[in-house]
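Trainee: Could you take me closely through one part of this model, the largest pocket, and tell me what lines that space?

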Amino acid sequence: MNFSLFDDDDLPPSGPQPLAPDTMGATLLRGFALPQVASLLAAINEVTAAAPLRHMATPGGLRMSVAMTNCGPLGWVTDGRGYRYARQDPASGLPWPAMPAVFQALACEAAQAAGFPGFVPDACLINRYEAGARMALHQDKDESDFDAPIVSVSLGLPATFLFGGAARADKAARIPLFHGDVVVWGGADRLRYHGVAPLKDGQHALLGAQRINLTFRKAR
Ligand code: MD3
Ligand code: FE
């Protein structure tokens, strides 16, 4: 007989988990943001009051289903002229709101936990998904420094993250991301294709019928 009362094989995994064990560039930190959720939501409300979420247009003229805004010195924008980072919110002509201290600290601590010490983002893109909103497979390559990771924070309704390969046609793994999860994307995985499956309808206790994703980037 060798049964143990303390067998933990069935407990949910905790601590940093590699999403791509072959490359080791992407690390999932389940629930890493949970202790900061109240401060994060207050900060999101302040940022979106100054720079409202809006549906931008792709260079091809399609309205994005995800609503976006930014904070920090630089913000990611798209319009008929293309994708780029800009110092001003094109909707107001004003600089983007400052990056809240709680955002900066969380991004830096998550990057450190995943093996990227000294991460100082200069841009935070805020994505808001409502039911049906999705993000098609794409690469993030508008940044100048691919050695810096991207840190993403998921809040609200769960989503299915699509984690592809180096080519758009590579089969994508489906990874569920929940409220409070943080993922650090660096190294060889930084340029992989990725996207988000259409958000399923639902109600989250704190965020209602939406998912909010923060992505912290070093754009310049
Ligand atoms: C993997 N956002 O804003 S975050 C994006 O959930 C974006 O809103 C998704 O993709 C979202 O560009 C996914 C996770 C993410 C961000 C950047 C990556 C994954 C990544 C860059 C390289 C590889
Ligand atoms: Fe992306």
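**The largest pocket**

Mentor: In this predicted model, the largest pocket holds about 810 Å³ of space. Its lining is made up of 40 residues, and those closest to the centre of the pocket are Met 135, Ala 136, His 138, Asp 140 and His 194. Sorted by class, the lining of this pocket comprises 18 nonpolar, ten polar and twelve charged residues. Several strands contribute at least two residues each to that lining, namely S5 (82–86), S6 (123–130), S7 (135–138), S8 (150–156), S9 (159–163), S12 (194–196) and S13 (210–217).

Turning to the metal, the iron ion (ligand 2) has as its protein donors His 138 through NE2, Asp 140 through OD and His 194 through NE2, at 2.0 to 2.2 Å from the ion. Along the sequence, these donor residues follow the spacing H-x1-D-x53-H. His 138, Asp 140 and His 194 are also among the residues closest to the centre of the largest pocket. Asp 140 has a relative accessibility of 10%, and because buried means under 20%, Asp 140 counts as buried.

For comparison, the second largest pocket has a volume of about 190 Å³. Strands S9 and S10 (173–177) are the elements that give two or more residues to its lining, which includes Leu 157, Thr 160, Arg 174, Lys 200 and Asp 201. By class, the lining of the second largest pocket divides into seven nonpolar, two polar and three charged residues.

Key: Residues are numbered from 1 along each chain as its sequence is written. Chains are lettered from A and ligands numbered from 1 in the order in which they are written. This is a predicted model: local features need pLDDT of at least 70, side-chain atom pairs count only at pLDDT 80 or more; totals for chains, interfaces and linings use all residues. Side-chain values use heavy atoms; hydrogens and water are left out. On a 1 Å grid over the protein atoms alone, a cavity is a set of points where a 1.4 Å probe fits but cannot get out, and a pocket is an open set with protein on both sides within 12 Å along at least five of seven lines; lining residues have an atom within 4 Å of a point. Grid points are joined across faces, edges and corners, and a volume is the space filled by probe spheres set on the points. Helices (H or I, at least four residues) and strands (E, at least two) are DSSP runs, numbered from the N terminus. Ala, Val, Leu, Ile, Met, Phe, Trp, Tyr, Cys and Pro count as nonpolar, Asp, Glu, Lys and Arg as charged, and the others, Gly among them, as polar. Donors are N, O and S atoms within 2.8 Å of the metal (3.2 Å for Na, K and Ca); water is not among the atoms, so sites may look incomplete. Buried means under 20% relative accessible area, exposed over 50%, partly exposed in between (1.4 Å probe, protein chains only).
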